[in-house]
Amino acid sequence: MPEGHSVRRLAQQFGDVFSGETLAVSSPQGRFTAGAALLDGQVLTEARAHGKHLFLHFDHAVVLHVHLGLYGAWDFGGDATFRGASSIGAPRKIGESEVFGDARAPAYAGPPEPKGAVRVRLVGRHGWADLRGATTCAAITEAEAQSVLARLGPDPLRNQPGDRARFVQGLQSRKAPIAALLMDQKVIAGVGNVYRAEVLFRQRLDPWLPGNAVPEEAAGLLWDDTAAVMADGVRDGRIITTPASYWAEGAVPPSADDAHYVYKREGLPCRVCAATVGITDLLGRKLYWCPGCQSP
DNA sequence: GATTAATGCTAAA
DNA sequence: TTAGCCTTAATCT
């Protein structure tokens with residue numbers, strides 16, 4: 001259940017532990033057998049993330065394209081060398097995809113029997129990775145990978161020159177509510193339901209404000225804040241949008257309850273103005289906002 | 001033990 | 001517009 005920060009961490013992880021290695025690729029579940037055969041025995045050259053899309057590039061110009069969707073996940077395991085190379089490290093928050101089975105595992109003796117429906121398994125010399133539950137798992141060409149990228153908007157975690165202007169332009173050229181546009185991966189890639197709610201609150205923006213009614217300065221600041229808070233997410237391995245002054249005494253890092261301003265806080269008093277945090281359905285997803293802080 | 005909802009999206013209808 | 005992915009944790013009975 002990742003937003004862009006998790007996928008960025010996964011790309012970093014694959015680069016750290018598998019880059020330059022010949023990988024054994026299989027599909028224990030059987031639904032990716034043909035694709036796995038295309039990748040089996042090839043060398044991983046680069047792992048990249050754009051928004052919520054992960055691209056594992058192999059040296060024969062075939063790319064493993066993965067999108068985790070709502071509940072896809074990668075599990076990793078391996079020996080001390082593998083764990084030492086990991087940018088993710090020790091087990092962390094339950095529910096994240098970035099979990100090691102057992103950090104104190106004995107010496108690596110190959111991957112375990114697949115548990116559940118493992119769509120694809122990558123095995124290197126020092127460790128393994130299992131993918132399950134993904135929306136997209138495909139072996140594609142470099143050209144096809146490019147066309148996937150072409151359908152995506154700017155990624156605030158890449159924040160390349162011109163990205164900020166592209167976002168502002170993309171937002172202002174549409175009349176849909178800003179809360180809907182933030183979830184549109186063509187407008188901005190990598191934002192999900194948590195960051196959507198939290199950055200709108202942080203910028204005190206009315207979720208129903210049409211994109212074309214957002215002032216240019218506010219749109220730019222929204223991009224900047226999204227980039228900053230998502231970069232924190234990459235560092236922390238979780239979404240924390242509140243400053244330490246909102247955390248319970250001595251709670252560093254904060255509990256889940258204290259890490260957000262409005263996400264999943266419906267019915268509770270706003271941390272800033274004490275108005276009751278609201279919830280509504282927008283395009284099939286739950287939208288959380290503070291009617292006091294985020295009024296038109 | 002069963003049911004539901006979830007940090008999402010694609011493709012079929 | 002809806003099914004599907006086929007997991008996980010929290011909430012029900």
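This report describes the strands, cores, cavity and selected backbone features of a predicted model.

**The β2–β3–β4 region**

Strand β3 is a convenient place to begin. Six of the six residues of β3 are buried, so this strand is largely enclosed by the rest of the structure. The side chains of β3 are divided between two directions: His-53, Phe-55 and His-57 point one way, and Leu-54, Leu-56 and Phe-58 point the other way. The residues of both sets are buried.

β3 has a partner in β2, with which it pairs in the antiparallel sense over six bridges. Within this pairing, Leu-44 stands opposite Phe-58 in β3. The hairpin of β2 and β3 has two residues between the strands, and Gly-51 takes a positive phi near 60° there.

β3 also pairs with strand β4 (residues 62-67), in the antiparallel sense and over five bridges. Here His-53 stands opposite His-67 in β4. The hairpin formed by β3 and β4 has three residues between the strands, and Ala-61 in its turn has a positive phi of about 70°.

**The cavity**

Rolling a probe the size of a water molecule over the atoms shows where empty space is left. In this model the count comes to one cavity of 30 Å³ or more. The largest cavity holds about 70 Å³ of space. Its lining consists of Arg-48, Ala-49, His-50, Phe-55, His-57, Glu-142, Ala-145, Gln-146, Leu-149 and Arg-158. The elements that give two or more residues to this lining are β2 (44-50), β3 (53-58) and α4 (142-150). Of the contributing elements, α4 gives the most, with four residues. By class, the lining has four nonpolar, three polar and three charged residues. Two of the lining residues, Phe-55 and His-57, belong to the set that points one way from β3 together with His-53.

**Nonpolar cores**

In soluble globular proteins, nonpolar side chains tend to be buried together. The largest nonpolar core of this model has 37 residues. Those with the most contacts inside this core are Phe-167, Leu-171, Leu-182, Leu-222 and Val-262. The elements that give two or more residues to the core are α5 (163-172), α6 (178-181), α7 (193-202), α8 (216-236) and β11 (285-289). Leaving aside neighbours within four places in sequence, Phe-167 is in contact with Pro-154, Leu-182, Val-187, Ile-188, Ala-219, Leu-222 and Trp-223.

Apart from this core lies another, of 30 residues, which includes Leu-10, Trp-74, Phe-82 and Ala-129. Ala-129 lies in strand β8 (residues 127-132). Its relative accessibility is 0%, and Ala-129 therefore counts as buried. Leaving aside neighbours within four places in sequence, Ala-129 is in contact with Phe-14, Phe-18, Trp-74, Asp-75, Phe-76, Val-120, Arg-121 and Leu-122. Trp-74 thus appears among the contacts of Ala-129 and among the residues of the 30-residue core. The C-alpha atom of Ala-129 is separated by 25 Å from that of Met-230, a residue 101 places away along the chain.

**Helix α7**

Helix α7, one of the elements that contribute to the 37-residue core, is mostly covered, with nine of its ten residues buried. The buried residues are Asn-193, Val-194, Tyr-195, Arg-196, Ala-197, Glu-198, Val-199, Leu-200 and Phe-201. What covers them includes α1 (4-18), α6, α8, β10 and β11. α7 is followed by Arg-204, a residue with a positive phi.

**Residues with positive phi**

The table gathers residues of the model that have a positive phi.

| Residue | Place | Phi |
|---|---|---|
| Gly-51 | hairpin of β2 and β3 | near 60° |
| Ala-61 | turn of the β3 and β4 hairpin | about 70° |
| Asn-159 | loop between α4 and α5 | near 50° |
| Arg-204 | after α7 | near 55° |
| Ala-274 | loop between α8 and β10 (278-282) | about 70° |

Asn-159 has its positive phi although it is a residue other than glycine. With a relative accessibility of 38%, Asn-159 counts as partly exposed. Ala-274 is likewise not a glycine. At 54% relative accessibility, Ala-274 counts as exposed, because that value is over 50%.

Notes
Residues numbered from 1 in each chain as written. Chains lettered and ligands numbered in written order. Predicted model: local features only at pLDDT ≥ 70, side-chain atom pairs only at ≥ 80, totals over all residues. Heavy atoms only, no water. 1 Å grid on protein atoms, 1.4 Å probe; cavity = no way out; pocket = protein on both sides within 12 Å on 5 of 7 lines; lining within 4 Å. Points joined across faces, edges and corners; volume = space filled by probe spheres on them. Nonpolar A, V, L, I, M, F, W, Y, C, P; charged D, E, K, R; others polar. Buried < 20%, exposed > 50% of the residue type's maximum accessible area, 1.4 Å probe, protein only. Contact = heavy atoms within 4.5 Å. Core = buried A, V, L, I, M, F, W, Y, C linked by side-chain atoms within 4.5 Å. Pairing = 2+ DSSP bridges.
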